[in-house]
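Biologist: I should like to go through this structure with you, term by term. Please explain each word as we meet it.

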Amino acid sequence: EEQEEDVLRELRLFLRNVTERLSLDRRFKAFTKPVDIEEVPDYMLVIRKPMDLSTLLTNIDEQKYVTVGEFVSDADLIWQNALEYNPDSDPMDRHIRHRACALKDTVRAIIRDELDEDFERVCEEVKESR
Ligand SMILES: O=C(C1CCC1)N1C[C@@H]2C[C@H]3C[C@@H](O)[C@@H](O)[C@]2(C1)O3
């Protein structure tokens, strides 16, 4: 339906705006591109579902997300993977985990402050109707 496509178009605009703002934040630079498998050969053995901000943007454009909830689930993989792969007490790991926690809190704060509950409910209705 045309109205459904209008809702999904507005969803993609919102999700692109959120993702681009995260990508511009200097704290989140390490999350902007996939972990380099040349640099980290065992990464795929440890992390089953890699995710990063550029891949989120590609997914949005490929119309993978019909609700904000689906987007947040993938966005959460970014910081969850970082906490899982970088658990040690050394300063590098602690620095990465601090940024991972900042990413988690920032995503939640943006959604809380900027997502209209009624809009997300309409997206859920579209999803159930498919
Ligand atoms: O988990 C990550 C990224 C940081 C957030 C996502 N990496 C795993 C490697 C361990 C650590 C140091 C470098 O070896 C660098 O390659 C990585 C990249 O950081």
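**The ligand and its pocket**

Modeller: By class, the shell around the ligand holds 7 nonpolar, 1 polar and 1 charged residues. This is a predicted model, in which local features need pLDDT of at least 70, side-chain atom pairs count only at pLDDT 80 or more, and totals for chains, interfaces and linings use all residues. Residues are numbered from 1 along each chain as its sequence is written, and side-chain values use heavy atoms, with hydrogens and water left out.

Biologist: What makes a residue nonpolar, polar or charged?

Modeller: Ala, Val, Leu, Ile, Met, Phe, Trp, Tyr, Cys and Pro count as nonpolar, Asp, Glu, Lys and Arg as charged, and the others, Gly among them, as polar. The residues around the ligand are Ala30, Phe31, Val35, Glu39, Val40, Tyr43, Tyr85, Asn86 and Ile96, where "around" requires a heavy atom within 4 Å of the ligand. Glu39 is therefore charged and Asn86 polar.

Biologist: Why do Glu39 and Asn86 count as polar contacts of the ligand?

Modeller: A polar contact is a pair of N or O atoms within 3.5 Å. A polar side-chain atom of Glu39 lies 2.4 Å from a ligand oxygen atom, and a side-chain N or O atom of Asn86 is 3.0 Å from an oxygen atom of the ligand. Both pairs therefore meet the cut-off.

Biologist: How do you know that the ligand sits in a pocket?

Modeller: A pocket is an open set of points on a 1 Å grid over the protein atoms alone, where a 1.4 Å probe fits, with protein on both sides within 12 Å along at least five of seven lines. A molecule sits in one if more than half of its atoms lie within 2 Å of its grid points. The ligand sits in the largest pocket, so it satisfies that rule.

Biologist: Which residues lie nearest the centre of the largest pocket?

Modeller: They are Ala30, Val35, Tyr43, Asn86 and Ile96, out of 21 lining residues, a lining residue having an atom within 4 Å of a point.

Definitions and conventions: Polar contact = N/O pair within 3.5 Å; in protein donor to acceptor, adjacent residues only side chain to side chain.
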